[in-house]
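Student: I should like to learn how to read strands, helices and contacts from a coordinate model. May we work through one case together?

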Amino acid sequence: MTAVSAPADAERLAQPAGFIHDLTSVALRALKLIPRDPAGVIPALVVPLFFFVVNVGSLQNVAEGASPGFDFKAFQLPVAIVFAVTGVSRASNLVTDIQDGYFDRLLMTPMSRVALLLGLMVADFTLVIALCIPVVLLGLAVGVDVATGPLGLLLFLLLAGAWGVAFTGFPYAIALKTGSPAAVNSSFILFFPFAFLTTAFLPQEALTGWLSSIADYNPVTYLLAGLRSLLMEGWAASSLLKAGLAIAVVGAVSFTLAFTALRGRVRRG
Amino acid sequence: MTDAAIETTALRRSFGDLEAVAGVDLSVARGEIYGFLGPNGAGKSTMVRILCTLITPTSGSAIVAGHDVVTDPTGVRLRIGAALQGTAIDPKLTGRETLLLQGRYYGMSRDAIAARMAEVLTLVDIGDAIDRRVGTYSGGMGRRLDLATSLMHRPEVLFLDEPTTGLDPVSRTRVWEEVRRLNTELGMTIFLTTQYLEEADELADRVGIINEGRIVAEGPPDELKRGIGNDVIVVRVTSHDGAETARAAVAALPGVATVEVRGDSLVVSALDGAATVSPVAVALNGCGVGVVDLMLRTPTLDDVFLELTGAHIQGDDQ
């Protein structure tokens, strides 16, 4: 034992830093790690560009031939955006943190528990916006016009980013509930019904039967309609409101699941 | 508020039917190195996780650095550091980024982080590797960075959960030196769990021996060992059958308290080891058992554990 006194409160360096500071710290680390794991980002960058090129190349003449004046490229650009942003998250990194004990290290800090998850979502938002930019640039390069101008394009990106973040709650919920990389990797299955059982390839009025019924309840239908309105129609308040509502509903469900799973994991230790 | 760095009262934690911590009363003084010794599954890590606010107790109370782990976990978190089992550092970050982030997590200013980083790096020698990604570090280096990370905010109480498990002897000795230095130079209270007897013996001012969630003995290591009283003669023979034969030959000798066969070894407990070792050697020679080696030693903490529980602490070095 020693006679030297232990660090007293007056010398203490640690202090609660506040929610925004905590949020920024978590987001900064997540963003710093993204370029160090390119394999986690490259598919999200390539897949939407690939689908956009293939869909436009194979269906443009058919679609525009059937409906003169119809801009199929503008119709497809939001689909590529949805492909780019849906399911992109730091959930795999979170599972690694849980398995390696880094998450325990974070839980032993005075940081806000909510910031531990929300900070990752802030990083996700930044990433999905970055992933949208090459898709949008490709669209502009092949002649897609934005009916609402630069402000509409900004809103287009923000809606896409908001959708991307709203969806991240699902993989985070799985990551926090299971702590299993395999389970998180399987969460991409959720992407398929959202992305394909909707108006990805045909306008809503052209859908028939069961697909039409499902598309009516698929929030992506309204997201696509909102995004398309910005490109093809001009400022359409009703479409934009429905898109915002669809994002809010999905976000409310997925965030509830994710933050419930966070609370459960914190409680279980 | 208590003067102790750690104080628990009737602390319990159950997982379903399993009571991992079964009513622990503990008091660790400020500036003390307290060794928490026990076999795997004894409840050591559960205790640490409660004291570090990672899990809540089922009942009882725990005060760490003057703050209750249940009612004021943030107060505890601001004052503790911990290097838990394994190496809880991100392999994709560099050592410097790891320390920088840790400082941010504790709300430290940029200047404070820079100053503190320089300090912890003199305490925990990582050298030029500090700018390399942690994934390239050796096990010992990773463990030292983990320790440095835990020290960034200058905690009052440091928890080390099996800090040298899996390390080679050289790395283990370096970690011990660093732990000692933290205690003597900074006066930091250190709560150390280990399954290595030598580690507890080497570092701890006091040792608490835990078994099945209960503390079965507590005190300075020398005092605990003296409490056993007997010296130990360990005889390694050529076979297990030989050991059984030797037991029969030795058990009735004057001065022999107990005889136990452990694999191909005979462990003879004697009140006066020096006086008993010759009769033991003669008896072994007389019964025709081949002796590989014979050693007279004072009791270890494992002997203390054996005396109290009838079992051994199953460390790698046992």
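Tutor: Let us begin with a definition: two strands pair if DSSP finds at least two bridges between them. Please keep in mind that this is a predicted model.

Student: In which order do the strands of the open four-stranded sheet of chain B lie?

Tutor: The order is β12-β13-β11-β14 in chain B, and the pairing is antiparallel. The edges are formed by β12 (256–262) and β14 (291–297) of chain B, each of which pairs on one side only. On average, neighbouring strands of this sheet are turned by 15° against each other, direction ignored.

Student: How many bridges join β11 of chain B to β14(B)?

Tutor: Six bridges join β11 (residues 231–237) of chain B to β14(B), and the two run antiparallel. Within this pairing, B:V234 stands opposite B:M295 of β14(B).

Student: What should one expect of the side chains along a strand?

Tutor: In a regular strand, side chains alternate between the two faces of the sheet. In β8(B), B:T189, B:F191 and B:T193 point one way, whereas B:I190, B:L192 and B:T194 point the other way, and all are buried. A residue counts as buried if 20 or more other C-beta atoms lie within 10 Å of its own. Six of the six residues of β8(B) are buried, so this strand is largely enclosed by the rest of the structure.

Student: Which bridge partners do B:G35 and B:F159 have in β8(B)?

Tutor: The partner of B:G35 is B:L192, and that of B:F159 is B:F191. Five bridges join β3(B) to β8(B), running parallel. Five bridges also join β7(B) to β8(B), again running parallel.

Student: Let us turn to helices. How does the span of α6 of chain B agree with its number of residues?

Tutor: The reasoning uses a rise of 1.5 Å a residue: the 18 residues of α6 (residues 169–186) of chain B should span 26 Å, and the end C-alpha atoms are 25 Å apart, which agrees.

Student: Which residues of α6(B) are buried, and where do they lie around the axis?

Tutor: The buried residues are B:R172, B:V175, B:V179, B:L182, B:N183 and B:L186. They cover an arc of only 115° around the axis, which puts them on the same side of α6(B). The face turned away from that buried side carries the exposed residues B:P169, B:V170, B:E177 and B:E185.

Student: What do the buried residues of α6(B) pack against?

Tutor: They pack against several elements of chain B, including β3 (33–37), β7 (157–161), β8 (189–194) and α7 (197–203). The helices α4 and α5 of chain B also belong to this list. After α6(B) comes B:G187, whose phi is positive, near 70°.

Student: May we apply the same reading to α4 of chain B?

Tutor: Yes. At 1.5 Å a residue, the 14 residues of α4 (residues 110–123) of chain B should span 20 Å, and the end C-alpha atoms are 20 Å apart, which agrees. B:I113, B:R116 and B:V120 are buried in α4(B). Seen down the axis of α4(B), the buried residues fall within an arc of 75°, so they line one face of the helix. The face turned away from the buried side of α4(B) carries exposed B:D111, B:A118 and B:T122. The cover over the buried residues of α4(B) includes α3 (95–105) and α5 (139–151) of chain B.

Student: How is a single residue such as A:K177 read: where is it found, and what does it contact?

Tutor: A:K177 is found in α7 (residues 149–178) of chain A. With 16 other C-beta atoms within 10 Å, A:K177 is partly exposed. Leaving aside neighbours within four places in sequence, A:K177 is in contact with A:A261 and A:G264. The C-alpha atoms of A:K177 and A:V114 are separated by 16 Å, and these residues are 63 apart along the chain.

Student: Finally, how many residues does each chain bring to the contact between chains A and B?

Tutor: Chain A brings 32 residues and chain B brings 38 residues. On the side of chain A that touches chain B, α1 (19–33) and α5 (102–107) of chain A each supply at least two residues. The residues of that side of chain A divide into 15 nonpolar, eight polar and nine charged.

Key: Residues are numbered from 1 along each chain as its sequence is written. Chains are lettered from A and ligands numbered from 1 in the order in which they are written. This is a predicted model: local features need pLDDT of at least 70, side-chain atom pairs count only at pLDDT 80 or more; totals for chains, interfaces and linings use all residues. Axes are lines fitted to C-alpha atoms, for helices over the stretch in contact, and angles run from 0 to 180 degrees between N-to-C directions. Two residues are in contact if their C-beta atoms, placed from the backbone, lie within 7 Å. Ala, Val, Leu, Ile, Met, Phe, Trp, Tyr, Cys and Pro count as nonpolar, Asp, Glu, Lys and Arg as charged, and the others, Gly among them, as polar. The expected span of a helix is 1.5 Å times one less than its number of residues. A residue is buried if 20 or more other C-beta atoms lie within 10 Å of its own, exposed if 12 or fewer, and partly exposed in between; C-beta atoms are placed from the backbone. The arc is that of the directions from the helix axis to the C-beta atoms.
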